[in-house]
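Work through the exercises below with the sequence and the model open. Each task is followed by a solution in steps.

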Amino acid sequence: MKPQKEFNIPFVGLKQGLHNFEYQIGNTFFEHFEYDEFNASAIKVDLEFNKKTTMLELRFTANGIVNVNCDVTNEPFDLPIENEFFLVVKFGEEYNNENEEILIIPYGEYEINVQQYIYELIVLGVPSKRVHPGVEDGTLESDILERLEELSPKEKTLENDNEEIDPRWDKLKNLLNDK
């Protein structure tokens with residue numbers, strides 16, 4: 001996967017202090033990663049970029065909506081997304097991204113690409129189980145829900161309540177009560 005240029009931040013030319021970047025993320029962004037879990041997406045990512053003398057601090061904030069299919073009914077619905085991520089970029093001898101909160105880049109670098117961090121921020125902001133709000137509050141009318149209700153196990157009722165129970169079972173129940 002080749003990094004997209006619009007996500008490169010050339011930090012060498014920036015003055016020390018806070019800088020803000022804004023990205024509008026749609027489905028074409030996820031196509032680049034070959035990620036097809038979203039039917040549609042409209043997400044705004046704000047990046048607060050703080051340049052200091054020896055390091056860079058990046059605070060990503062994502063807000064928006066992704067259209068996904070419900071895991072219970074497979075009905076599409078809009079799921080609000082809200083997530084935040086903080087990254088510290090330090091300079092060292094060689095590139096190292098083993099720690100998820102600290103990135104070490106070589107001294108000679110002059111720009112950083114934030115595309116992968118934005119992708120992870122959004123994908124990890126989606127809950128692992130996506131349930132349509134209509135399923136949770138009972139307002140969704142769906143053939144799948146009706147079929148699930150039909151197939152769900154029901155409580156068994158005794159056909160003959162007057163049926164005699166073997167007295168040996170009562171003796172065993174007494175063992176549970178004795179301590």
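## Exercise 1: Arg59 and its partner

Arg59 counts as partly exposed, with a relative accessibility of 33%. The model is a predicted one.

**Task.** Find which side chain meets Arg59 in a salt bridge, and state where the two residues lie.

**Solution.**
- Step 1. Look for a carboxyl oxygen of Asp or Glu within 4 Å of a side-chain nitrogen of Arg59.
- Step 2. Glu84 fits, with an N to O distance of 3.4 Å.
- Step 3. Place the pair: Arg59 is in strand E4 and Glu84 is in strand E5. They are 25 residues apart, and the pair links distant parts of the chain.

Side chains of opposite charge can pair when their charged atoms come close.

## Exercise 2: Other salt bridges

**Task.** How many salt bridges does the structure hold? Describe the one between Lys44 and Glu22, and the one between Asp71 and Arg130.

**Solution.**
- Step 1. The structure holds six salt bridges.
- Step 2. In the pair of Lys44 and Glu22, the closest N and O atoms are 3.8 Å apart. Lys44 belongs to strand E3 and Glu22 to strand E2 (residues 17-25), 22 residues apart.
- Step 3. Lys44 is partly exposed, because its relative accessibility is 34%.
- Step 4. Glu22 and Lys44 also belong to a salt-bridge network that includes Asp46.
- Step 5. Asp71 and Arg130 meet at 3.8 Å, N to O. Asp71 sits in the loop between E4 and E5, whereas Arg130 sits in the loop between helix H2 (115-125) and helix H3 (133-137). This pair is 59 residues apart in sequence.
- Step 6. Assign the burial classes: Asp71 is partly exposed at 40%, and Arg130 is buried at 13%.

## Exercise 3: Two polar residues in strand E4

**Task.** Are Glu57 and Asn67 buried or exposed? Name the side chain with which each makes a polar contact.

**Solution.**
- Step 1. Glu57 is found in strand E4 (residues 55-69), and Asn67 is also in strand E4.
- Step 2. Apply the cut-off for buried, which is under 20% relative accessible area. Glu57 has 17% and therefore counts as buried. Asn67 has 18%, so Asn67 counts as buried too.
- Step 3. The side chain of Glu57 makes a polar contact with the side chain of Lys52 at 3.2 Å. For the side chain of Asn67, the partner is the side chain of Asp78, at 2.8 Å.
- Step 4. List the neighbours, leaving out residues up to four places away in sequence. Glu57 touches Glu48, Phe49, Asn50, Lys52, Phe86 and Leu87. Asn67 touches Phe38, Asn39, Ala40, Pro76, Phe77 and Asp78.
- Step 5. Compare sequence and space for one further pair: Glu57 and Ile102 are 45 residues apart in sequence, and their C-alpha atoms are 9.5 Å apart.

## Exercise 4: Positive phi in loops

**Task.** Where do Glu34 and Asn74 lie, and what is the phi of each?

**Solution.**
- Step 1. Glu34 is in the loop between helix H1 (27-32) and strand E3 (40-51). Asn74 is in the loop between E4 and strand E5 (76-92).
- Step 2. Phi of Glu34 is near 55 degrees, and that of Asn74 is about 65 degrees. Both values are positive in residues other than glycine.
- Step 3. Glu34 is exposed, because its relative accessibility is 74%. Asn74 is exposed as well, at 53%.

## Exercise 5: Rings, surface and the whole chain

**Task.** How many aromatic pairs are found, which residues make the nonpolar surface patch, and in what order do the elements run?

**Solution.**
- Step 1. The whole structure has 15 aromatic pairs. Ring pairs join Phe7, Tyr23, Phe29, Phe30, Phe33, Tyr35, Phe38 and Tyr119 into a cluster.
- Step 2. Ile165, Trp169, Leu172 and Leu175 make a nonpolar surface patch of about 470 Å². Leu172 lies in helix H5 (residues 167-177) and is partly exposed, at 45%.
- Step 3. The protein has five helices and seven strands, in the order β-β-α-β-β-β-β-β-α-α-α-α from the N terminus.
- Step 4. Of the 179 residues, 31% count as buried. The exposed area is about 13,000 Å², with 49% of it supplied by carbon and sulfur atoms.
- Step 5. Take the contacts between residues at least 6 apart in sequence: 58% of these join residues at least 24 apart.

Methods: Residues are numbered from 1 along each chain as its sequence is written. This is a predicted model: local features need pLDDT of at least 70, side-chain atom pairs count only at pLDDT 80 or more; totals for chains, interfaces and linings use all residues. Side-chain values use heavy atoms; hydrogens and water are left out. Patches are made of residues with over 30% relative accessible area and no salt bridge: like charges are joined within 9 Å, nonpolar side chains (Val, Leu, Ile, Met, Phe, Trp, Tyr) within 5 Å. Accessible areas come from the Shrake-Rupley method with a 1.4 Å probe; for residues, only the protein chains shown count as cover. Helices (H or I, at least four residues) and strands (E, at least two) are DSSP runs, numbered from the N terminus. Buried means under 20% relative accessible area, exposed over 50%, partly exposed in between (1.4 Å probe, protein chains only). A polar contact is a pair of N or O atoms within 3.5 Å; within protein, one must be able to donate a hydrogen and the other to accept it, and residues adjacent in sequence count only if both atoms are side-chain atoms. Contact means heavy atoms within 4.5 Å. Rings of Phe, Tyr and Trp (its six-membered ring) pair if their centres lie within 6.5 Å; planes under 30 degrees apart count as stacked, over 60 as edge-to-face and the rest as tilted.
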